[in-house]
Amino acid sequence: MKLQDKVCIVTGAASGIGKEIAMTFAREGGKVVIADLNKDAAQAVADEIVAAGGVAMATAMDVTSEEQVNASVAEVVAAYGGVDVLVSNAGIQIVHPIEEFPFADWKKMLAIHLDGAFLTTKAVMPHMKAAGKGGSIIYMGSVHSKEASVLKSAYVTAKHGLIGLCKTVSKEGGPHRIRANVICPGFVRTPLVEKQIPEQAKALGISEADVIQKVMLKETVDGEFTTVQDVAEVALLFAGFNSNALTGQSLVVSHGWFMQ
Ligand code: NAD
């Protein structure tokens, strides 16, 4: 059990990558908090974990709202006594060419990915410091934290920004044994990606099969999607690695799409 009794908040855990991370952490003994905009779906994931013998709770959290983030973290601390691990994972995708990118959509993207990461970090750090046990903060980046793709200006900007935040949190958190790292997955077939396939086909004027093979997986070594399990394994590594030796890093898990 790599996370026995560790309190782990996972944002955006009602679906996709976050859900798999939550289930994996629960199997490793973590007390898992399913924090999501969609409270009903979050409760369903928590119920699934509890039914399987794990410990979990759901909390309604819009990561762009300072008030909701703080209230939600306070609820977790009241229930479980502290916070040991934060996975800032909630995210969405909006694609447009730059000249057509609505400013409101740009701001929404930066709010969810960057304000969300900042606000959740700001809310958990005092609890990690006060408990004196250190902690692990994990940001869900992307290959787009390292590389760019057409139509994704806001996403690429936000995902690159997470690396800067991670490095700063590593330095400020270091004396308190608070570690910060970024996971950078390639394409994973979650609802977020399923939605993009027809959108990109339309925007690029190609078939959906071509979006998958010639755009999304073109640069991989084997034409395969990364899986939610692949990403959850890396999250477990960062969450369970109990030393400052591994901090300020970003790890790409992408079937070789991007090589450092
Ligand atoms: P998903 O759509 O399956 O799940 C995203 C979850 O985030 C949903 O449950 C949604 O309700 C929640 N959410 C959205 N806005 C929120 C908000 N304001 N506050 C709280 N919760 C909110 O998506 P996914 O593919 O699992 O993506 C999870 C993360 O992984 C995102 O940050 C995404 O950018 C990143 N990522 C995904 C891929 C991929 O290919 N799927 C690749 C690299 C990185």
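Me: From which domains does the shell around the ligand draw at least three residues each?
Reply: Happy to start there, keeping in mind that this is a predicted model. The domain assignment splits one part into two segments, 7-186 and 226-245, which together form domain 1, while domain 2 covers 187-225. At least three shell residues come from each of them, so the answer, with bounds taken from an automatic or database assignment, is domain 1 and domain 2.

Me: Which helix gives the largest share of the shell around the ligand?
Reply: Four helices each supply at least two residues: H1 (16-27), H4 (103-131), H5 (153-173) and H6 (191-204). The largest share, 3 residues, belongs to H6.

Me: How many of the residues in the shell around the ligand are nonpolar?
Reply: There are 29 residues around the ligand, with Ser-15, Asp-36, Tyr-155, Val-188 and Thr-190 coming nearest. By class, 3 are charged and 10 are polar, and the nonpolar residues number 16.

Me: Which residue has a side-chain N or O atom 2.6 Å from an oxygen atom of the ligand?
Reply: Let's go through the contacts one by one. Met-61 offers a backbone N or O atom 3.3 Å from a ligand nitrogen, and Ile-17 has a backbone N or O atom 2.8 Å from a ligand oxygen. Both of those use the backbone, whereas the side-chain atom at 2.6 Å belongs to Asp-36.

Me: What percentage of the ligand's exposed area does the protein bury?
Reply: The ligand takes up the space of the largest pocket. Taken alone, the ligand exposes 840 Å², and the share buried by the protein is 92%.

Conventions:
Residues numbered from 1 in each chain as written. Predicted model: local features only at pLDDT ≥ 70, side-chain atom pairs only at ≥ 80, totals over all residues. Heavy atoms only, no water. Near = heavy atom within 4 Å. Polar contact = N/O pair within 3.5 Å; in protein donor to acceptor, adjacent residues only side chain to side chain. Areas by Shrake-Rupley, 256 points an atom, 1.4 Å probe, with all protein chains shown as cover. 1 Å grid on protein atoms, 1.4 Å probe; cavity = no way out; pocket = protein on both sides within 12 Å on 5 of 7 lines; lining within 4 Å. Sits in = over half its atoms within 2 Å of the grid points. Nonpolar A, V, L, I, M, F, W, Y, C, P; charged D, E, K, R; others polar.
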